[in-house]
Amino acid sequence: MGATVTTGNNTENTWGGGNEPMGASYGKLMMWFFIVSDALTFSGFLAAYGFSRFKFIDNWPIADEVFTHFPFLHGVEAPMYYVALMTFILIFSSVTMVLAVDAGHNMKQKKVAFYMLLTILGGLIFVGSQAWEWKNFIKGEFGAVETKGGSIIQFVNKEGERVKLADFVEHLPGQREALTRDKGKWFMKDEESIPTYTVAEVQASFKAHTELLIRTEKIYRDTAEDRANKKLEPGLNQNKKREILTRAESEIMVANGAAVVEGANLKHNEYGSKLFADFFFFITGFHGFHVFSGVVINFIIFLNVVLGTYEKRRNYEMVEKVGLYWHFVDLVWVFVFTFFYLV
Amino acid sequence: MSHAHEHVSNTKRIWMVFALLSVVTTVEVYLGIIRPSFLFMNNFLSMNLLNWVFILLTLYKAYYIVWAFMHMEGEKSSLRWSVVATVIFLVLYLLFILLVEADYVFEVFKNSTIKWNF
């Protein structure tokens, strides 16, 4: 037992090992050290996100408009519900974890195993949910056009509601297809997949649909300057929503189109600022990786519980240590949830 | 001796904290969906009141996760403060520098002749 769990009640020899400087065992203290450094890593990421957001405060995507999907509710706008569900799943798996720790204190092997299993399940469901969220984010819904200036323009109707590219763009004859290796030279790679529509098709269809307008990345602030702006469509612009241009200005913007963007990757995304997608992938990805490793570690400890390792040790402190890590992952999610979805 | 002090089962408190975290999350989501304009349209320190509410509720949740779930309340105060004070100080410091700088860069972009929205 002495090899893995330090109980440290010996006061006779200060330097002989087994000391507990802050009243915590060696393993637990090291877990706290790790958590502090990992907390600072995540703080660095979120602070960098804050930096970019404050820097582009006038054209940062609005989360409510990006994350609107819910399983089995196709076409229904459900902002926030899904991510709220994910948050509940993670909080609940934190609860089962702390119940496992509690059962460990009372030396109830079966209960520890049961609660550990629930925690692992919760973690897996969370990671799965995140994969689904990523899928929707990558696939996109409406599609947009990136202009020569590098900004994203989106299409809306007379009521200011978003319009999908698929709803108005028609194919022109003689379009190109993606070049694959079997039609090219032996040293070539397959070409990256090309968007469903070309810029020329979008431009032609936009000309034909005179009811369509353009929404830019810029956020309308309802200041005197904004109200006097002749380029904006009167009656459609709302405070803290994106600016909607008049038909004449929209046509100028569309004529400037350089690429059709559907969904998101690390270089382009249809939601707006490019950094938004980068930070989304990076921060939720890093958190998801933490959840995944948490599940793996929990599973190892779960096996040990079932095998009776800690029962033989008469000490369930290992469960407590992985519990600390698991709660930390939950703690990080609480912040990611706030800064990505709410604020 | 495997137990330095006798542990009592505190499942009741765990469920209480779970209820509390759930209620706070529900309130956050509710506010996030309706976005009441008296909070959303009024600013304090160049951030709207709704965001301040979100951040305060988040810190409230974080306190309960660390104190109850990670059992910080049962640790010695030396451990408690070496963890909490370090993180709080460094995070505030980092945020102060980055956000102030970002706001400055924003002003520079805004007041210059750089054109991006075309």
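Modeller: Let's start with a term: two residues are in contact if their C-beta atoms, placed from the backbone, lie within 7 Å. Keep in mind as we go that this is a predicted model.

Biologist: Okay, with that in hand, how many residues of chain A are in contact with chain B?

Modeller: On the chain A side there are 49 residues, in contact with 46 residues of chain B. The elements giving two or more residues to that side of chain A are helix 1 (26-55), helix 3 (81-105), strand 3 (213-219) and helix 11 (317-342). Helix 1 of chain A provides the largest share, 11 residues.

Biologist: And how do the residues on that side of chain A divide?

Modeller: Into 24 nonpolar, 19 polar and 6 charged.

Biologist: Let's turn to chain A by itself. Into which domains is it divided?

Modeller: Domain 1 takes in 26-140 + 276-342, and domain 2 covers 144-262. Taken over C-alpha atoms, the centres of these two domains of chain A are 37 Å apart.

Biologist: How should I read a sheet, say the one with 5 strands in chain A?

Modeller: Look at the strand order and the pairing. Here the sheet is open, runs 4-3-2-1-5 and has antiparallel pairing. Strand 4 (242-244) and strand 5 (257-261) of chain A are at the edges with a single partner strand each, so one side of each lacks a neighbour in the sheet. From one strand to the next, the twist averages 35°.

Biologist: Can you pick out one pair for me?

Modeller: Sure: strand 2 (residues 152-156) and strand 3 of chain A pair in the antiparallel sense over 3 bridges. Val156(A) stands opposite Leu213(A), which is in strand 3 of chain A.

Biologist: Which strands does helix 6 of chain A touch as it packs on the sheet?

Modeller: Helix 6 (residues 199-208) touches strand 1 (144-147) and strand 5 of chain A, and its direction makes about 100° with that of strand 5. Helix 8 (residues 247-255) of chain A packs on the sheet too, touching strand 1, strand 2, strand 3 and strand 5, at about 80° to the direction of strand 3.

Biologist: What about helices in general, and then helix 9 of chain A?

Modeller: An α-helix has 3.6 residues a turn, so residues three or four places apart point the same way. Helix 9 (residues 274-307) of chain A has 34 residues and reaches 50 Å from first C-alpha to last, close to the 50 Å expected. Just after helix 9, Gly308(A) takes a positive phi of about 85°.

Biologist: Is Ala277(A), in helix 9 of chain A, buried or exposed?

Modeller: Buried, because Ala277(A) has 23 C-beta neighbours inside 10 Å, and the cut-off is 20 or more. Leaving out residues up to four places away in sequence, Ala277(A) touches Ala264(A), Leu266(A), Asn269(A) and Tyr271(A).

How values were computed:
Residues numbered from 1 in each chain as written. Chains lettered and ligands numbered in written order. Predicted model: local features only at pLDDT ≥ 70, side-chain atom pairs only at ≥ 80, totals over all residues. Helix = DSSP H or I, 4+ residues; strand = E, 2+ residues; numbered from the N terminus. Nonpolar A, V, L, I, M, F, W, Y, C, P; charged D, E, K, R; others polar. Expected span 1.5 Å × (residues − 1). Domains from an automatic or database assignment. Pairing = 2+ DSSP bridges. Axes fitted to C-alpha atoms, helices over the stretch in contact; angles between N-to-C directions. Buried ≥ 20, exposed ≤ 12 C-beta atoms within 10 Å, placed from the backbone.
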